[in-house]
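The following exercises are meant to be worked through with the structure on view. Each one sets a task and then gives a solution in steps.

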Amino acid sequence: MANVFKKCLAQGLISENDTAVIFYDLTYLENRIEYLTNLFPENTLHAIAVKANPLTKILQIIKDKNVGL
């Protein structure tokens, strides 16, 4: 993770003055959703709480995987 942080600093995507930085591993998220949905019958409704992650771009990725919100 330190390398990702350093690259973001070098590219000006974040600043040393930022008080919080959150990185999302979208490949992990997508793989995890796929893994969990494959464990259950096709008619199972899977859902993720919006309260747990209210970021619209992340929610769109989840929605695109046919997971409820």
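**Exercise 1. Determine which residues of helix α3 are buried, and explain how they are arranged around its axis.**

Step 1. The model is a predicted one, and in it helix α3 covers residues 56–64, where I58, L59, I61 and I62 are buried.

Step 2. These four residues lie on the same side of α3, because the arc that they cover around the axis is only 155°.

Step 3. On the face turned away from this buried side, α3 carries the exposed residues T56, K57, K63 and D64.

Step 4. The partner of the buried residues of α3 is α2, which runs over 26–39 and against which they pack. After α3 comes N66, a residue with a positive phi near 60°.

**Exercise 2. Find the residues that make up the largest nonpolar core, and say which helix supplies the largest share.**

Step 1. The largest nonpolar core consists of six residues, namely L29, I33, I58, I61, I62 and V67.

Step 2. At least two residues of this core come from each of α2 and α3, and the largest share, three residues, is supplied by α3.

Step 3. To follow one member of the core outwards, take I33: leaving aside residues up to four places away in sequence, I33 touches I48, I62, K65 and V67. Of these neighbours, I62 and V67 are also listed in the core.

**Exercise 3. Two residues, H46 and L45, are found in the loop between α2 and α3; decide for each whether it is buried or exposed.**

Step 1. H46, which lies in the loop between α2 and α3, has a relative accessible area of 18%. Because the cut-off for buried is under 20%, H46 counts as buried.

Step 2. The contacts of H46, again without residues up to four places away in sequence, are with L36, T37, F40, V67 and G68.

Step 3. L45 is found in the loop between α2 and α3 as well, but its relative accessibility is 71%. Since exposed means over 50%, L45 counts as exposed.

Step 4. L45 can also be placed relative to A2: the two are 43 residues apart in sequence, and their C-alpha atoms are 37 Å apart in space.

**Exercise 4. Describe the overall form of the protein, using its helices, its radius of gyration and its spans.**

Step 1. The protein has three helices and zero strands, and its pattern along the sequence reads α-α-α.

Step 2. For a compact globule of 69 residues the radius of gyration would be near 11 Å, whereas the protein has 16 Å. The C-alpha trace spans about 45 × 20 × 15 Å along its principal axes.

Step 3. Among the 69 residues, 17% count as buried. The accessible surface comes to about 6000 Å², and 55% of that surface belongs to carbon and sulfur atoms.

Step 4. Considering the contacts with a separation of 6 or more, 33% are accounted for by residues 24 or more positions apart.

**Exercise 5. Establish where confidence in the model is lowest and where it is highest.**

Step 1. The mean pLDDT of the protein is 88, with 99% of its residues reaching 70 or more.

Step 2. Confidence is lowest in helix α1, residues 2–10, at a mean of 83, and highest in α2, at 93.

Step 3. As a general caution, predicted coordinates should not be read in detail where pLDDT is low.

Terms used. Residues numbered from 1 in each chain as written. Predicted model: local features only at pLDDT ≥ 70, side-chain atom pairs only at ≥ 80, totals over all residues. Heavy atoms only, no water. Buried < 20%, exposed > 50% of the residue type's maximum accessible area, 1.4 Å probe, protein only. Arc of directions from axis to C-beta. Contact = heavy atoms within 4.5 Å. Core = buried A, V, L, I, M, F, W, Y, C linked by side-chain atoms within 4.5 Å. Rg over C-alpha atoms; globule rule 2.2 N^0.38 Å. Areas by Shrake-Rupley, 256 points an atom, 1.4 Å probe, with all protein chains shown as cover. pLDDT = per-residue confidence, 0-100.
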